[in-house]
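Please look over the two chains shown below before reading on. The report is meant to be read with the structure open beside it.

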Amino acid sequence: MTLATEINNGSSSPEKLLAPVLSAFWDQPDSWTLETYERHEGYRGLRKALAMSPDDLIAYVKESGLRGRGGAGFPTGMKWQFIPQGDGKPHYLVVNADESEPGTCKDIPLLFANPHSLIEGIVIACYAIRSSHAFIYLRGEVVPVLRRLHEAVREAYAAGYLGRNVLGSGLDLELTVHAGAGAYICGEETALLDSLEGRRGQPRLRPPFPAVAGLYACPTVVNNVESIASVPAILNKGKDWFTSMGSEKSPGFTLYSLSGHVASPGQYEAPLGITLRQLLDMSGGMRPGHRLKFWTPGGSSTPMFTDEHLDVPLDYEGVGAAGSMLGTKALQCFDETTCVVRAVTRWTEFYAHESCGKCTPCREGTYWLVQLLRDIEAGKGETSDLDKLNDIADNINGKSFCALGDGAASPIFSSLKYFREEYEQHITGKGCPFDPAKSTAWADNHKEVTA
Amino acid sequence: MTEQISLGMPQLPAPGYPADVRARLEEDARAIVARYPDSRSALLPMLHLVQSEEGHVTRTGMAFCADVLGLTTAEVTAVATFYTMYRRKPSGDYQVGVCTNTLCAVMGGDAIFEELKEHLGVGNNETTEDGKVTLEHIECNAACDFAPVVMVNWEFFDNQTPESAKKMVDDLRAGRTVEPTRGAPLCTFKETARILAGFPDERPGAVEATGGAGPASLVGLRLAKGEQPHRRIVHPRGETSGQEGE
C-alpha cells in the first residue's frame, strides 16, 4: 500500500495519530467519579439529546455513522431504529459488558476508569428507543469494575440522571447492574438475553431478532459498552466532529488494545483506520531484539495476520478486505519465539470449553479439533491430520446458530494458510521446535533466573 | 467400600437452611428479585448469594433458589452447572486463578501455573490443606495488556511472575494483607460472592482502592499528550533502526 506507506513516512507523531476521547481524562485523580466526569463535559451530551425528539435523536446517531464496537460493526443508530414504536410493549436496552473474547481488553479498563460515559450513553439511548429499564450485563470475573459500576449508578441516581423524570424530561429510567457467572458464550447477544432471563446462556435461533423479541420477548437493543459510551461525545461535540475522524464508512474514534510481545502494551484511542505499523512505531515497536510473527486484528475469533499486514488500515472495510475482521480491535502481537501451533491449540481448547453444546457441529467439532491439535503439538500427528483439521473447521464454520463456531474455525484456517510449514515441522520432526521459556515476559531479563 | 461408589441414584431432598439463615437470605432475595421485571432473572445473582453463604453452591442453596423463585430444582441445577463461577464443592477462602488462555500462557501464565501447582502441592481446581487457597486456571480475563495476569477472588494481579505469584499465595496462607494491582484489598471468596449478587462493597475505601486506570491503560493517552518520549526502537520486522529516543 504505497499511499499508506507515504502517510506513515510523513508522520508518525502520536499527537497527530491518536485521538483520546473516552480515555481523555483517565489520568485524572478519581477519574471514575461523577464529579470528575462532569468537570470533563460529562452529561452535556445528554442535555442536548433530551432537547431533541427521540426520532430525531435516532436519526442523528444514525447519521453520525457510529458502528458497533463489539465486533460485528453494525450501525448503532440503525439498531435503535429497528425498535417498533407504539407497540404497547416495554422496550429494553441491554449493554453487553461481557467482555471475554481472548485478547479483548478495552471495555473493562473503560468501565474501571470512566463508568459514567456508559451511564450517560445509556440514558441517551433509552430516551431514543423509549425504554424505561436498562441493564448492564457485566461479566462476573471483574469485581473491581463491578464496584465502580455500583458506585457510578448510585451517583447517577442521586444526581437525577437516573430514576423518575430524568432532568425534568419526563423520562423514567431504571438501571440494573447484573453480574454474570462465567461463560464466554454470554457475550453472544441472544445467549446474553437468555442468561439475563435466568437461564443457561444458549444462543437463540434468529429471526426473531432481539429488536422484535428480545428480553422477555419484548423489543430490545443490545449494544456493546464502547458503542454506547461513544454516544455522549457525539451528541456533545457533534456528528461532524465525529465524522471528521476515520473513514466515510468507518467514522470516528475507537480503542485499540495492544498486547503481547510489544514494547508498550496498552490502550491506544485513535481514529479508525490507523495501522498496526503506526501504532508500533509510536509506541516503541516489538520488545527489543524481536520481530512480529503473527497477530490478531480483533481477538482470537478474527483470522490472524502476519507481518505482511502491518499497513492494513484498521477499520471495518480495511481489515475485511485483507481477509479478516476488525472485531474488537484486540491487537495481540506474537513474536518469532511463539509457536503458532501452541497458540492455536490453546485458543481451540478455549472454544471447546466455552461451546454451549447446543449445536452439534460446534460441540463435537471443537472437541475433535482439540484432540488433533494436541497430538500435533506433541509430535504425534500425521500429515493427513492437517487436511482433517481444515475439514472439521469447515464443518463448523457457518453451520451453527451463533458465531462461536465461526470464531473457532478462524485460527485454524488462518494459521494453516500462513504457517502450514510450521505444522508440518511438528509432524515430521515429531515434536515442537520452540522453547516456551523464550516467549515469556521475563525471558530477556537475564537477572531473573527461574527454576 | 460400597459407599464410595456413586450409582447416580436420586438423593433425598436437600435439608433447608436454619430458620435464622433462611430469614436473612429471604430478605436479600427479595431485594434481588425487586431489580427485575421477571423474577427468574434473579436466579444468577441468587446463586452468587447462596455461594456467599456457604462458599459454594450446595443442594440446599439450589433448593432455596428454586423455592423462592418458583422453579424446580432441576431448572436451578441446570443453570448452576452451566456457569464456571459457581463452585460445586467446598473450596478455599482465596480463589487463585491463573490465566492460561493463549496470550497470557505464552507470556508466562503456563509457567506461573506450573510453579504454583508445585509450590502449593495441589492440582487444578484443588484446595490447599489449610483451606486457604484454591488454585485453578482461568480463561481470558480482559487484561491482556497486563499479561501475565492472575486473579484472586476476581481482583486483578497484573504483570505477574512465578516469584511474585508464589510470594502472593504465601502471604495469603500466612494471613498477611494482600493487595491487588487493580481492585480492593482482598476479602474472602464468600464476601466477594455477595458483591457479585449485587450488594455493593460497603468497606470504606474499597471503590477508590488502587486509584484510576492502570499504567497500561494510560500509555496511549500519555503519548497523545506528549508526556512520553516518542520512541522508535525496534521495527516490527526486526530491521535495525538508526533512530533511538526522540
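What follows describes chain B as a whole, then one buried residue, the charged side chains, and some unusual backbone positions.

## Chain B as a whole

The coordinates come from a predicted model, and local features are described here on the condition of a pLDDT of at least 70. Chain B contains 8 helices and 6 strands, and from the N terminus on these elements follow the order α-α-α-α-β-α-β-β-β-β-α-α-α-β. Taken along the principal axes, its C-alpha atoms fill a box of roughly 75 × 50 × 35 Å. Of the 246 residues in chain B, 55% are buried, while the surface that chain B exposes comes to about 10,800 Å², with carbon and sulfur atoms supplying 50% of it. Among the contacts in chain B between residues at least 6 apart in sequence, 61% join residues that are at least 24 apart. Chain B carries 24 positive and 35 negative charges, and the mean positions of these two sets are 2 Å apart.

## A buried threonine in strand 3 of chain B

Which residues does B:Thr134 touch, if those up to four places away in sequence are not counted? Its contacts are B:Arg87, B:Ser91, B:Gly92, B:Tyr94, B:Gln95, B:Val96, B:Asn125, B:Glu126 and B:Thr127. B:Thr134 itself sits in strand 3 (residues 133-138) of chain B, and it counts as buried because its relative accessible area is 2%, where buried means under 20%. One of the residues it touches, B:Val96, is 38 residues apart from B:Thr134 along the chain, yet the C-alpha atoms of the two are separated by 6.0 Å.

## Charged side chains

Side chains of opposite charge can pair when their charged atoms come close. Over all chains, the structure holds 42 salt bridges. Three of these pairs are set out in the table, with the distance between the N and O atoms of each.

| Salt bridge | N to O distance |
|---|---|
| A:Asp27 and B:Lys225 | 2.5 Å |
| A:Glu364 and A:Arg363 | 2.9 Å |
| B:Arg203 and B:Asp201 | 2.9 Å |

The salt bridge between A:Asp27 and B:Lys225 crosses between chains, running from the loop between helix 2 (14-17) and helix 3 of chain A, where A:Asp27 lies, to the loop between helix 8 (219-224) and strand 6 (231-234) of chain B, where B:Lys225 lies. B:Lys225 is partly exposed, at 39% relative accessibility.

In the pair within chain A, A:Glu364 counts as partly exposed at 34% relative accessibility, and A:Arg363 likewise counts as partly exposed at 33%. In the pair within chain B, B:Arg203 is partly exposed, with a relative accessible area of 30%, whereas B:Asp201 counts as buried at 13%. Elsewhere, salt bridges that share partners join A:Arg342, A:Arg346, A:Glu349, A:Arg374 and B:Asp110 into one network.

Like charges also gather on the surface, where A:Asp30, A:Glu35, A:Glu38 and B:Glu208 form a patch of negative charge. Of these residues, A:Glu38 is placed in helix 3 (residues 34-39) of chain A, and it counts as partly exposed because its relative accessibility is 33%, between the limits of 20% and 50%.

## Unusual backbone positions

Most residues other than glycine have a negative phi, and most peptide bonds are trans. Where, then, does the cis peptide bond that ends at B:Pro148 begin? It starts from B:Ala147, and its omega is near -5 degrees; B:Pro148 belongs to the loop between strand 3 and strand 4 (150-152) of chain B. In chain A, a cis peptide bond joins A:Arg206 and A:Pro207, with omega at about -5 degrees, and A:Pro207 lies in the loop between helix 10 (189-196) and strand 4 (220-224).

Positive phi values are found at A:Leu167, at about 50 degrees, and at B:Asn153, at about 45 degrees, although neither residue is a glycine. A:Leu167 lies in the loop between helix 9 (143-158) and strand 3 (174-179) of chain A, and B:Asn153 in the loop between strand 4 and strand 5 (155-157) of chain B. Is each of these two residues buried, or partly exposed? A:Leu167 counts as partly exposed at 33% relative accessibility, whereas B:Asn153 counts as buried at 0%.

Note on methods: Residues are numbered from 1 along each chain as its sequence is written. Chains are lettered from A and ligands numbered from 1 in the order in which they are written. This is a predicted model: local features need pLDDT of at least 70, side-chain atom pairs count only at pLDDT 80 or more; totals for chains, interfaces and linings use all residues. Side-chain values use heavy atoms; hydrogens and water are left out. Patches are made of residues with over 30% relative accessible area and no salt bridge: like charges are joined within 9 Å, nonpolar side chains (Val, Leu, Ile, Met, Phe, Trp, Tyr) within 5 Å. Accessible areas come from the Shrake-Rupley method with a 1.4 Å probe; for residues, only the protein chains shown count as cover. A salt bridge is a side-chain nitrogen of Lys or Arg within 4 Å of a carboxyl oxygen of Asp or Glu. Lys and Arg count as positive and Asp and Glu as negative; His and the chain ends are not counted. The place of a charge is taken as NZ of Lys, CZ of Arg, CG of Asp or CD of Glu. Helices (H or I, at least four residues) and strands (E, at least two) are DSSP runs, numbered from the N terminus. Buried means under 20% relative accessible area, exposed over 50%, partly exposed in between (1.4 Å probe, protein chains only). Contact means heavy atoms within 4.5 Å.
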